[in-house]
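This report takes one helix as its starting point and moves outward to the fold, the nucleic acid surfaces and the charged pairs. Please keep the sequence and the coordinates in view while reading.

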2 protein chains.
Amino acid sequence: MTQTNKQPPPATPKQAAACCGPIDQWLDPEFFKAFSDPTRVSLVACIAKCGRGCSVGEVAECCSVDFSVVSRHLALLARSGVLEARKEGRTMYYRVRYAELCRSLRSLADALEECCPAPDSQKGTCNGACC
Amino acid sequence: MTQTNKQPPPATPKQAAACCGPIDQWLDPEFFKAFSDPTRVSLVACIAKCGRGCSVGEVAECCSVDFSVVSRHLALLARSGVLEARKEGRTMYYRVRYAELCRSLRSLADALEECCPAPDSQKGTCNGACC
DNA sequence: TGTTTGTTTGCGTCATTATGCAAGTATTGC
DNA sequence: GCAATACTTGCATAATGACGCAAACAAACA
């Protein structure tokens, strides 16, 4: 498969928020789904800790599931923008997209904070326009 | 249900990483699972934009699924630490745990960066101890 | 060309999850 | 107590997802 990684960071902008920060833009279910499976998470952690590109075979060694399962998980992770795939000969190398991931995570945190009412008060300012 | 929200931030520390930053600690599948469903995401976005506690009924108005489905999703989101539940009379108010969410997201970003090799080089320093 | 190696894909199975409806519980007001 | 309101729970169904096995594919090598 000619892995066409999404060029924009993992959480692809969807539609603009109605009345506050660009929170919808960063709350992409597809992005979070990538991390919602324990096996997938351990694969990402394994590659992340390596700090370099890892082949499918290498990654498969660090967990107990079938080789084909690892292959499928890694492909999914690449599709959702978490990993970057690079083919070299017959070997497929997957690498964590550190910068893009960090940017997405921090952008979401920023967007959340924009929605957040004053740190102590809990009254908020909903005018009914948003929900 | 007496909603006992997890007191620690959403991503509950699990086990320490083998050879680098505390990345496993923040890569909690349960946390990400909360955001992996489109319906749930829209509910969170709705409450987040309001910036205050919203009742189940209010939230249900902003999406097309059954009332009971909303109730269940909100309960799940509270269990996974994304929302905070507060009962007032017969009304249940759900509020986004902004601070805890932001902290979790930023901690994960930090942990990822710790694993990240030098910004430009892609060689990394895997010694085989981690995967 | 045939074989080995590294990875992907098809397919069937099992488990989990999302959903709606109807019935249940809890709290308030009459 | 009784009815209304706000929400939760039980149950059945349909959809989705994870998994392993076997076969297919692609690149390198003999």
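Helix H5(B) has 13 residues, which at 1.5 Å a residue should span 18 Å, and its end C-alpha atoms are 19 Å apart, which agrees; the expected span is taken as 1.5 Å times one less than the number of residues. Helices here are DSSP runs of H or I with at least four residues and strands are runs of E with at least two, both numbered from the N terminus. The model is a predicted one, in which local features need pLDDT of at least 70 and side-chain atom pairs count only at pLDDT 80 or more, whereas totals for chains, interfaces and linings use all residues. Residues are numbered from 1 along each chain as its sequence is written, chains are lettered from A and ligands numbered from 1 in the order in which they are written, and side-chain values use heavy atoms, with hydrogens and water left out.

**The helix and its surroundings**

Within H5(B), the buried residues are Val70(B), His73(B), Leu74(B), Ala75(B), Leu77(B) and Ala78(B), where buried means under 20% relative accessible area, exposed means over 50% and partly exposed lies in between, computed with a 1.4 Å probe on protein chains only. The cover over these buried residues includes helix H2 (29–34), H3, helix H4 (56–61), strand S2 (83–88) and strand S3 (91–96) of chain B. Just after H5(B), Gly81(B) adopts a positive phi of about 90°.

**Chain A**

Chain A contains six helices and three strands, and their order along the sequence is α-α-α-β-α-α-β-β-α. Of its 131 residues, 53% count as buried. Among the contacts in chain A with a separation of 6 or more, 56% are between residues 24 or more positions apart, a contact being a pair with heavy atoms within 4.5 Å.

**The two DNA strands**

A residue is counted as near a strand if one of its heavy atoms lies within 4 Å of it. For DNA strand C there are 24 such residues, of which Ser71(A), Arg72(A), Asp66(B), Arg72(B) and His73(B) come nearest. Of the strand C atoms within 4 Å of the protein, 65% belong to sugar or phosphate and the rest to bases. DNA strand D is likewise surrounded by 24 residues, the closest being Arg40(A), Asp66(A), Arg72(A), His73(A) and Ser71(B), and here 62% of the strand atoms within 4 Å of the protein belong to sugar or phosphate, the rest to bases.

The polar contacts below are pairs of N or O atoms within 3.5 Å; within protein, one atom must be able to donate a hydrogen and the other to accept it, and residues adjacent in sequence count only if both atoms are side-chain atoms.

| Protein group | DNA atom | Distance |
|---|---|---|
| Arg90(A), side chain | base oxygen, strand C | 3.2 Å |
| Tyr94(A), side chain | phosphate oxygen, strand C | 3.4 Å |
| Asp66(B), backbone | phosphate oxygen, strand C | 2.6 Å |
| Lys33(A), side chain | phosphate oxygen, strand D | 3.2 Å |
| His73(A), side chain | phosphate oxygen, strand D | 2.6 Å |
| Arg72(B), side chain | base oxygen, strand D | 2.8 Å |

The surface near DNA strand D draws at least two residues from each of helix H3 (38–50) and H5 of chain A and H4, H5 and S3 of chain B. By class, this surface has seven nonpolar, nine polar and eight charged residues, where Ala, Val, Leu, Ile, Met, Phe, Trp, Tyr, Cys and Pro count as nonpolar, Asp, Glu, Lys and Arg as charged, and the others, Gly among them, as polar.

**Salt bridges**

Side chains of opposite charge can pair when their charged atoms come close. Over all chains the structure holds 16 salt bridges, each being a side-chain nitrogen of Lys or Arg within 4 Å of a carboxyl oxygen of Asp or Glu. In one of them, Arg106(A) pairs with Asp110(B), with the closest N and O atoms 2.7 Å apart. Because Arg106(A) lies in helix H6 (residues 98–115) of chain A and Asp110(B) in helix H6 (residues 98–115) of chain B, this pair joins two chains. Arg106(A) is partly exposed at 24% relative accessible area, and Asp110(B) is partly exposed at 41%. A network of salt bridges links Arg106(A), Asp110(B) and Glu113(B).

Within chain B, Arg97(B) and Glu100(B) form a salt bridge with an N to O distance of 3.7 Å; Arg97(B) is buried at 4% relative accessibility, and Glu100(B) is buried at 18%.
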